[in-house]
Every structure is written in C-alpha cells, then in structure tokens.
Amino acid sequence: MKTYWLLTLAMVGIAAPAPAQDIPSPAQRFGHAMGADRKLVGWDGIVDYLRLVAQRSDRVNLHEVGKTSQDRPY
C-alpha cells in the first residue's frame with residue numbers, strides 16, 4: 001500500500017508544471033503595486049514587461065497588431 005502512494009505522489013510531481021520562477025511580478029518589476037496612488041508605469045515599461053513575460057513563459061504569446069497614433073507597439 002505504501003508503494004502505491006509513493007508511486008502516485010511521484011507521478012503527480014512529474015505531471016505538475018514547473019513554477020514560473022524567472023518571471024517577476026509587476027510589483028517586483030516596477031517597485032510598487034499596480035494601481036498604487038500617484039504611481040504610473042509608462043507605455044514602454046508595460047510593453048517591456050509583457051515582452052519579458054512572453055519570452056520567459058510557455059503560456060503567453062505576444063503579438064504586435066500594429067502601431068498606436070504615437071508610433072508605439074500595439
């Protein structure tokens with residue numbers, strides 16, 4: 001019976017996805033919580049963060065669909 005449980009735990013451990021340890025949270029990246037009073041992140045900072053997340057994650061795909069009126073990636 002113990003062998004069954006050890007085997008089951010081993011299989012669950014293999015099937016579980018690895019945590020995304022290399023991706024910082026937005027608060028870690030920008031130094032404050034998103035939506036904090038008097039704290040804004042510029043467009044370029046957000047785009048850079050989204051590119052970082054897409055690069056380091058196999059669950060995020062980022063596609064530029066055009067340019068904004070200020071010639072920034074959209």
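A salt bridge is counted here when a side-chain nitrogen of Lys or Arg lies within 4 Å of a carboxyl oxygen of Asp or Glu. By that criterion, a search of the whole structure, which is a predicted model, finds 1 salt bridge. The pair consists of Glu64 and Lys67, whose side chains meet with an N to O distance of 3.4 Å. Because 3.4 Å falls within the 4 Å limit, the pair qualifies. Side chains of opposite charge can pair when their charged atoms come close. Glu64 has a relative accessibility of 46%; it therefore counts as partly exposed, since that class lies between the 20% bound for buried residues and the 50% bound for exposed ones.

The overall architecture provides the setting for this pair. The protein chain contains 3 helices and 0 strands, giving the pattern α-α-α when read along the sequence. Of its 74 residues, 14% are buried. The accessible surface of the chain comes to about 6,600 Å², and carbon and sulfur atoms contribute 57% of that area. Among contacts with a sequence separation of 6 or more, 34% link residues that are 24 or more positions apart.

The loops can be followed in sequence order. Pro24 is located in the loop between helix H1 (2-15) and H2. Residues up to four places away in sequence being set aside, Pro24 touches Arg29, Tyr49, Leu52 and Arg56. A further spatial relation involves Val53: this residue is 29 residues from Pro24 in sequence, while the C-alpha to C-alpha distance between the two is 8.4 Å.

The next loop, between helix H2 (26-30) and H3, holds His32. Is His32 buried or exposed? Its relative accessible area is 15%, so His32 is buried, the cut-off for that class being under 20%. Beyond its neighbours within four places in sequence, His32 is in contact with Pro26, Ala27, Lys39 and Val41.

The segment after helix H3 (43-56) contains Val65. With a relative accessibility of 66%, Val65 counts as exposed, because exposed residues are those over 50%. Which residues form a nonpolar patch on the surface? The patch is made up of Val65 together with Trp43 and Tyr74, and the combined accessible area of these three residues is about 370 Å².

Definitions and conventions. Residues are numbered from 1 along each chain as its sequence is written. This is a predicted model: local features need pLDDT of at least 70, side-chain atom pairs count only at pLDDT 80 or more; totals for chains, interfaces and linings use all residues. Side-chain values use heavy atoms; hydrogens and water are left out. Helices (H or I, at least four residues) and strands (E, at least two) are DSSP runs, numbered from the N terminus. Buried means under 20% relative accessible area, exposed over 50%, partly exposed in between (1.4 Å probe, protein chains only). Contact means heavy atoms within 4.5 Å. Accessible areas come from the Shrake-Rupley method with a 1.4 Å probe; for residues, only the protein chains shown count as cover. Patches are made of residues with over 30% relative accessible area and no salt bridge: like charges are joined within 9 Å, nonpolar side chains (Val, Leu, Ile, Met, Phe, Trp, Tyr) within 5 Å.
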